[in-house]
Amino acid sequence: MQAYLLIPIAIFILLSSTGHATAALVKSDKALQKQFLGPHNAARYALRLAPLVWDTKLARYAQSYANKRRGDCALRHSNGPYGENIFWGSGNAWSPAQAVADWVSERKWYSYWSNSCVEGELCGHYTQIVWRSTRRIGCARVSCKQGKGVFITCNYDPPGNYIGERPY
């Protein structure tokens, strides 16, 4: 399985002077975006919701936070201004699509009729993905130091998961 990493902005600036390096970076970035967007938008499509679009500001925010988690791979939220899903997996082969699939799999624990999760289960990652008013997404993936695993985060704007409101 191939792992994708977003290259920090400083390296991007250094590489931008060579056309080939820039082209490779853009191609890699587009591939990463597709890995995140595809499964998000498939879940939304199933509910006839508008697709999410990639937002570079959100992606920079996600990358900045993921970089902070690189040292410990702790499954902690950034507590920032956006909606947020986070994922941790042991080993280094976790792809963006696998993380999103994990979040979407919570669909089975969500009851639209009671607008709640099955008792003792989580479904907030799923409801953030399908939150009707959310339009933009930015995500990042890092391999953590000392083999501590992979940390993946996605940020959503406008955020969702407001108590008492239905996602769609």
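How many bridges join E1 to E5, and do these strands run parallel or antiparallel? In the predicted model described here, 2 bridges join the two strands, and E1 and E5 run parallel. This pairing belongs to an open sheet of 4 strands, in which the order is E1-E5-E6-E2 and the pairing is mixed. Strand E1 (53-54) and strand E2 (83-89) occupy the edges; each has a single partner strand, so one side of each lacks a neighbour in the sheet. Within the E1 and E5 pair, Trp 54 stands opposite Ile 137 of E5.

The other pairings of the sheet are antiparallel. E5 and E6 are joined by 8 bridges and run antiparallel, and Cys 139 has Cys 154 in E6 as its bridge partner. The hairpin formed by E5 and E6 has 6 residues between the strands, and Gln 146 adopts a positive phi near 55° in this hairpin. E2 pairs with strand E6 (residues 150-157) in the antiparallel sense over 7 bridges. Gly 89 is placed opposite Val 150 in E6. Helix H3 (residues 56-69) packs on this sheet and touches E1, E2, strand E5 (136-143) and E6, with its direction at about 25° to that of E5.

H3 contains 14 residues and spans 20 Å from its first C-alpha to its last, close to the 20 Å expected at 1.5 Å a residue. Its buried residues are Leu 58, Ala 59, Ala 62, Gln 63, Tyr 65, Ala 66 and Arg 69. The list can be read against the helical repeat. An α-helix has 3.6 residues a turn, so residues three or four places apart point the same way. The buried residues of H3 pack against E1, E2, E5 and E6. On the sheet side, E5 is mostly covered, with 6 of its 8 residues buried.

The loop between H3 and E2 holds two residues with unusual backbone geometry to be described together. Cys 73 lies in this loop and has a positive phi of about 55° although it is not a glycine. Asn 79 is also placed in the loop between H3 and E2; its phi is positive, at about 60°, and it is likewise not a glycine. In exposure, Cys 73 is buried, with a relative accessible area of 6%, whereas Asn 79 is exposed, with a relative accessible area of 70%.

A further site involves the loop that precedes E5 and the segment that follows E6. Thr 134 is located in the loop between helix H5 (124-129) and E5. With a relative accessibility of 0%, Thr 134 counts as buried. Apart from neighbours within four places in sequence, Thr 134 is in contact with Arg 44, Leu 52, Gln 128, Tyr 156, Asp 157, Pro 158, Pro 159 and Gly 160. Among these contacts are Asp 157 and Pro 158, and the peptide bond from Asp 157 to Pro 158 is cis, with omega near -15°. Pro 158 is found in the segment after E6.

Aromatic contacts were examined next. A search of the whole structure finds 9 aromatic pairs. In one of them, the ring centres of Tyr 112 and Trp 113 are 5.3 Å apart and the planes stand at 90°, so the pair is edge-to-face. Tyr 112 is partly exposed, with a relative accessible area of 26%, and Trp 113 is exposed, at 74%. Both residues belong to a cluster in which ring pairs link Tyr 110, Tyr 112, Trp 113, Tyr 126 and Tyr 168. Tyr 112 also has a charged group over its ring: the charged end of Arg 166 sits there, 4.6 Å from the ring centre.

Over the whole protein chain there are 5 helices and 6 strands. Along the sequence these elements follow the pattern α-α-β-α-β-α-β-β-α-β-β. Of the 168 residues of the protein chain, 41% count as buried. Among contacts between residues at least 6 apart in sequence, 68% join residues at least 24 apart.

Key:
Residues numbered from 1 in each chain as written. Predicted model: local features only at pLDDT ≥ 70, side-chain atom pairs only at ≥ 80, totals over all residues. Heavy atoms only, no water. Phe/Tyr/Trp six-rings, centres within 6.5 Å; stacked < 30°, edge-to-face > 60°. Buried < 20%, exposed > 50% of the residue type's maximum accessible area, 1.4 Å probe, protein only. Lys NZ or Arg CZ within 6 Å of the ring centre and 35° of its normal. Pairing = 2+ DSSP bridges. Contact = heavy atoms within 4.5 Å. Axes fitted to C-alpha atoms, helices over the stretch in contact; angles between N-to-C directions. Expected span 1.5 Å × (residues − 1).
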